[in-house]
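Trainee: I am new to this structure and should be grateful for a close look at one part of it. May I ask for a connected account once the sequence and model are in view?

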Amino acid sequence: MEENESSLPNASQQVKKMAYHKVNADQRTQGQYLDSDDLQATALELEWDMEKELEEPGFDHFRLDGAVQQDLGNSQSPDLDLEPIQPSASPKGRFQRLQEDPEYISHYTRQSPKSHRCSFFQILKVFCAALILFIFGIVIGYYAGKKCPSPPASPEPNNPHIYHEILKEIKAENIQQIYRDVLQSPREDDVDAAMRILLQWTSHGLEDVRLVNYSVLLDLPGSSSNTITLKNSGECFYPDGQQCSKVTRTLHSQDLLYSYAAYSAKGTLEAELVDIQYGTIEDLIRIQTTTNVTKKIALLKLGQSPLLYKLSLLEDAGFGGVLLYVDPCDLPKTTDLAEKAFMVSLNSGGDPSTPGYASIDGSYRQNRLNLTTLLVQPISAVLAKKLTSIPENRIQKDKCVPLQLSSTDKKIINLSIQSVTTYKTISNVIGYLKGSVFPDRYVIIGSHHSSLNTYGGQEWASSTAIITAFIQALMLKVKRGWRTDRTIVFCSWGGTSFGNIGSYEWAEDLKRVLQRNVVAYVSLHNPVRGNSTLHPIASPSLQQLAAESQNINCVEKMKCPGSNVSSVQTQGDSDYFINHLGVPAMQFSYEDINTSENSSFVSEALFPMHATRTEELDPSFKLHENIAKFSGYATLQIANEPVLPFNALDIALEVQNSLRVFLGEEVDASQLLAVASRLRDTAELFQSDEMRPANDPRERAPIRVRMLNDVLQSLEKSFLVQQAPPGLYSEL
């Protein structure tokens with residue numbers, strides 16, 4: 001009995017060794033794939049399955065410390081309860097099992113020695129047989145190795161040469177061809193456009209592509225254009241400045257119809273026009289000291305801060321209507337948008353009839369036809385000049401003079417707004433390239449497609465062409481056996497111009513899964529708005545990666561662009577992922593040089609842009625190719641690097657710098673700044689003590705890397721702000 005008990009520690013050590021080798025082997029094997037029945041609602045996590053190794057009785061319930069277990073359950077449920085990684089232990093200790101199960105000992109005790117000894121000749125026979133088999137095995141192995149050399153070892157999954165091999169397949173002529181193919185199709189609704197994108201992605205070899213439909217409430221223009229009438233003179237104008245008495249130009253009739261504010265209040269309002277410039281708090285205080293603004297119509301410039309935030313201030317102040325325009329001084333000099341009206345959406349995001357939850361079958365629908373009490377109408381700069389009685393030529397000695405209504409000039413305006421609310425189907429195209437090591441971690445790259453109208457031009461075609469070209473180049477490598485470590489999710493969103501409806505509904509539908517599993521979001525929203533300046537935007541933790549991505553085409557003799565990454569608020573379908581899920585995001589786009597600091601948020605205006613405009617901006621499609629390569633490189637880095645390329649120190653520096661700007665010299669600011677300084681010191685220590693060793697392959701422990709990545713993935717979630725003002729960031 002004593003001898004039997006002494007053998008148990010040795011058995012335990014062997015089991016531990018087996019478990020250790022199993023863990024290391026699983027780290028190099030392919031992970032579990034997404035459920036093909038419903039990939040959108042399934043969160044894939046690594047499983048450490050020890051049952052096959054530990055088949056001996058008594059160890060059938062053994063679980064490795066640090067293992068991740070998951071019950072997939074119903075693949076169609078978006079609310080999978082995925083438990084975080086927690087240490088687990090054997091349900092019964094070894095000595096406890098000895099006390100409870102008397103048979104446990106008998107299974108593993110050594111058999112008593114035989115009473116008789118083997119003869120010398122029997123031992124000799126066994127020895128000779130073993131020796132012959134050993135020599136025979138060596139001979140077979142020698143000749144087999146000589147005739148069949150082993151295949152070369154596959155390159156490391158994070159080999160940067162692989163990234164460049166993929167990116168060199170992205171070519172301007174391919175993007176241009178995809179772009180033209182998209183626009184050559186006849187006018188169609190959102191579902192048809194989405195279906196064509198799905199077929200295109202599938203033809204390039206993307207494995208799992210899904211069409212996800214939602215029935216949502218849209219605010220569409222009426223049968224005729226909205227009007228603005230001057231009561232003093234009786235003149236009636238359309239939003240672009242044309243007089244109502246003149247025949248509307250047939251070529252631009254669709255543009256006129258879509259020159260409106262979606263989800264504005266409807267009706268007619270006759271009131272005095274009040275110039276409030278950019279609608280800042282200072283502007284409102286200045287106006288309210290001299291004027292009663294109740295039920296008045298505000299003349300408001302777009303820019304400086306988000307439109308929804310400014311409209312909330314005007315609504316609280318008591319205004320009844322708003323004429324919205326873009327000052328020519330805030331427009332790039334290379335554009336000709338002064339004569340054009342535009343479209344804006346007053347929807348903060350998602351289906352207005354299902355705020356905060358997904359618009360799926362069985363969801364309760366709220367009656368929210370108008371999202372504001374204000375009658376809001378966008379107008380062109382030409383019409384704004386007529387209303388302010390300012391001469392057309394505002395350029396004086398190469399200096400642009402901003403538009404301003406004279407304080408002595410009182411104008412009475414009759415504003416008539418009509419639009420129709422109706423339920424329509426919008427579609428998202430979702431494609432998956434499943435990761436081989438961490439399939440439960442998602443990197444999302446998103447574009448958008450046509451949204452039930454031909455207005456807003458063809459910038460969506462640029463977005464679609466770029467993401468399709470990246471898929472085409474990536475799948476060429478995948479077909480040869482290579483695969484990213486993490487899952488890449490390709491998304492083409494519908495309903496973007498009405499308030500990012502498609503992305504909101506999909507993310508609300510799968511919120512719990514996405515909040516745990518999404519690592520980063522790479523946006524392709526309106527990638528080519530101009531042709532003079534590359535404008536990268538990134539969350540603080542991704543700013544270094546965004547700067548690095550710009551230099552992928554640089555060689556030693558070329559001067560590479562400097563790090564000019566901005567952290568200002570991004571626009572488009574990344575909104576929900578940033579502001580509600582705390583997911584770091586980045587976006588590359590080309591723009592024209594702005595003439596004024598007030599031009600931030602001017603891009604909220606959706607001006608009509610036709611195919612000829614895009615080809616004029618980028619006739620060779622070289623800018624499109626650059627955006628595809630910048631975005632593709634960043635996506636591959638995030639999806640394939642063992643340690644996520646996030647920078648904790650940049651988050652701390654962003655917090656510290658923001659506090660210094662907003663607090664200034666306030667007396668109570670010193671304590672808050674001291675806390676921010678300690679946060680910076682902690683971030684520096686984290687990067688030196690945790691991230692740097694993990695990036696060294698010789699010191700890299702798989703479980704430790706997984707834990708480190710979970711920490712990096714959750715960094716920016718810690719800075720989410722609940723109930724942020726409308727239109728403003730909910731985090732840094």
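In which sense do β14 and strand β16 (residues 518-523) pair, and over how many bridges?

Mentor: The model is a predicted one. β14 and β16 pair in the parallel sense, over 5 bridges. Within this pairing, Tyr442 stands opposite Val518 in β16.

To place that pair, one may begin with the whole protein. The protein holds 21 helices and 20 strands, and buried residues make up 52% of its 732 residues. Of the contacts with a separation of 6 or more, 81% are accounted for by residues 24 or more positions apart.

The sheet comes next. β14 and β16 belong to an open sheet of 7 strands, and the order reads β1-β13-β15-β14-β16-β19-β18. The pairing in this sheet is mixed. β1 (208-221) and β18 (537-538) stand at the edges with a single partner strand each, so one side of each is left without a neighbour in the sheet. As a general point, the side chains of a regular strand alternate between the two faces of the sheet.

In the order of the sheet, β14 stands between β15 and β16. β14 covers residues 438-448, and 11 of its 11 residues are buried, so the strand is largely enclosed by the rest of the structure. On the side of β15 (residues 486-493), 8 bridges join the two strands, which run parallel. Two partnerships may be located in the model: Phe438 has Arg486 of β15 as its bridge partner, and Ile445 is matched with Phe490 of β15.

β15 itself deserves attention. Buried residues account for 8 of its 8, so β15 too is largely enclosed by the rest of the structure. A single cysteine illustrates the point: Cys491 has a relative accessibility of 0% and therefore counts as buried. While β15 runs parallel to β14, its pairing with β13 is antiparallel and extends over 5 bridges. There, Leu433 has Ile488 of β15 as its bridge partner.

From β13 one reaches the edge of the sheet. β13 (residues 419-433) is joined to β1 by 14 bridges, and these two strands run antiparallel. Asn213 finds its bridge partner in Ser427 of β13. Helix α12 packs on the sheet, where it touches β13, β14 and β15, and its direction makes about 145° with that of β14. Helix α13 (residues 501-509) also packs on the sheet, touching β1, β13, β14 and β15, and its direction makes about 125° with that of β1. β14 is thus touched by α12 and by α13.

α12 leads onward to another helix. The axes of α12 (residues 459-478) and α18 (residues 622-640) come within 10 Å and cross at roughly 55°. The two helices are therefore oblique to each other, and α12 passes α18 in a right-handed crossing. On the α12 side the meeting residues are Ser462, Ile466, Phe470 and Leu474, and they meet His624, Ile627, Ala628, Gly632, Thr635 and Leu636 in α18.

Some features elsewhere in the chain complete the picture. Helix α10 (residues 307-317) is mostly covered, with 8 of its 11 residues buried. Among them are Leu307, Leu311 and Ala317. The buried residues of α10 pack against α9 (281-288), β6 (297-301), β7 (321-325), β8 (344-345) and β9 (375-378). After α10 comes Gly318, whose phi is positive, near 105°.

Ser259 lies in the loop between α8 (253-257) and β4 (261-262). Its relative accessible area is 4%, so Ser259 is buried. Ser259 and Ala341 are 82 residues apart in sequence, while their C-alpha atoms are 5.6 Å apart in space.

Finally, the structure holds 1 disulfide. Cys236 and Cys244 form it, with their sulfur atoms 2.0 Å apart. The link is left-handed, with -60° about the S-S bond. Cys236 counts as partly exposed because its relative accessibility is 23%, a value above the limit of 20% under which a residue is buried.

To return to the request: β14 pairs in the parallel sense with β16 and runs parallel to β15, and the strand is largely enclosed by the rest of the structure.

How values were computed:
Residues numbered from 1 in each chain as written. Predicted model: local features only at pLDDT ≥ 70, side-chain atom pairs only at ≥ 80, totals over all residues. Heavy atoms only, no water. Buried < 20%, exposed > 50% of the residue type's maximum accessible area, 1.4 Å probe, protein only. Helix = DSSP H or I, 4+ residues; strand = E, 2+ residues; numbered from the N terminus. Pairing = 2+ DSSP bridges. Disulfide = S-S within 2.5 Å. Axes fitted to C-alpha atoms, helices over the stretch in contact; angles between N-to-C directions. Parallel < 35°, antiparallel > 145°, perpendicular 65-115°, else oblique. Left-handed = near helix turned anticlockwise from the far one by under 90°. Contact = heavy atoms within 4.5 Å.
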